[in-house]
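Thanks for sharing this one with me. Here are my notes, as numbered points to read beside the model.

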Amino acid sequence: MADPIHQFQVINYFTLGKVGSTNIAFTNSALYMGIAVGLTAALMLGATAGRQLVPGRMQSIAELAYEFVADTIRNTIGEGGMQFFPLVFSLFMFILVSNMVGLIPYNFTVASHIIVTAALALLVFVTVLVCGFWKNGLHFFNLFVPKGIPWFVLPLIVFIEVLSFLSRPISHSVRLFANMLAGHITLKVFAGFVTMLGGLGFAGWLGATLPLALTVALTALELLVAFLQAYVFTILTCIYLNDALHPGH
Amino acid sequence: MADNAHDGNDPTRRQTDEAALSARLRRLGDQLDRHGPSDPSETDRGRPTADASGYARGFRLSSELVAGVLVGAGIGWALDRVLGISPWGLIIFLMLGFAAGVLNVMRTAGVAPERDAGIPPRNN
């Protein structure tokens, strides 16, 4: 039977150099990250090359993407959040495009490795810390001190709030990673049933239509999940960045 | 319009109509109330549509809880290693982490107030 997790294997194409004793290799993961960035850049540059008042297809896609992310930021953070637009838009487009590319058979899904999503989540986490302290100074610590709490439970609450804050990058990264991993494994397993049943002769072919139909349905679901998870990652980024700008209670 | 004229001429009938209408409205209101609180999209206005499907919502909640417990366990274990107070760091921080996880889940579900409850509510 086809190995359902073989698709997540990282393959070294060639070695770029060494840092300490670690090989820095160009892998299939890096290749697909490059493809995602390239496709996004091509879409955006191509759309804005021939700007028209009445947008064509490409320009419509680019404008839709812009409006979508800009509205999300305005609704979550407010107008002041637009300074984070480049970061949020890059994250959204990178995750969305890499997820969509990964859905095409034989392609590699970048977000199915937790190290990738953890790096993205830590980027947001560090941005929140740096921006929070830069904009608010020590008032940023107000984030951990809720108002209206009796003084004798306050130390406990502060500890819990700090832990809750530290757990953000974990849940932020695990959600995207686990959704992509589970979805792609499910797809592979059901698609594997088709070939297994197909080997049984005529009755097997009849039986194989069932998992085949399910594979088609699951592909549609995965398309939704690929978009939804990119959106969820984006909106959580906005919610976290909002804390950096407004840590008060 | 003919109905209006007719009702206007007959005050007693209009009153009974209004009584029946308000009774129906009250019944509808009761039914909506019964549905309302259980509908999550009504209650968590502070956190806009991060969970568009039940599957995504359930996954979010569980990952929030697990993340809290993991962070608590990690910090407790590290403190044990560094300070040599095993097993007290792990015990205390595991419990604190569990509390943080529950807090995360309640915030995500919109049961507990947001961190930024002080700023005016944003419209979605």
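Which exposed residues does the face of helix 2 of chain A turned away from its buried side carry?

1. They are A:Arg57, A:Ser60, A:Leu64, A:Glu67 and A:Asp71. Exposed means 12 or fewer other C-beta atoms within 10 Å of a residue's own, buried means 20 or more, and partly exposed lies in between, with C-beta atoms placed from the backbone. Helices are DSSP runs (H or I, at least four residues), numbered from the N terminus.

2. Before going on: this is a predicted model, where local features need pLDDT of at least 70 and side-chain atom pairs count only at pLDDT 80 or more, while totals for chains, interfaces and linings use all residues. Residues are numbered from 1 along each chain as its sequence is written, and chains are lettered from A and ligands numbered from 1 in the order in which they are written.

3. On the other side of helix 2 of chain A, A:Val69, A:Thr72, A:Ile73 and A:Thr76 are buried. Seen down the helix axis, these buried residues fall within an arc of 100° (taken from the directions from the axis to the C-beta atoms), so they line one face. Their cover includes helix 3 (85-103) and helix 7 (202-245) of chain A. Just after helix 2, A:Gly78 has a positive phi of about 105°.

4. Now to chain B: the buried residues of helix 5 include B:Phe93, B:Leu96 and B:Asn104. B:Gly110 follows this helix, with a positive phi near 80°.

5. Lastly, A:Ala182 sits in helix 6 (residues 168-198) of chain A. A:Ala182 is partly exposed because 13 other C-beta atoms lie within 10 Å.

Key: Helix = DSSP H or I, 4+ residues; strand = E, 2+ residues; numbered from the N terminus. Contact = placed C-beta atoms within 7 Å.
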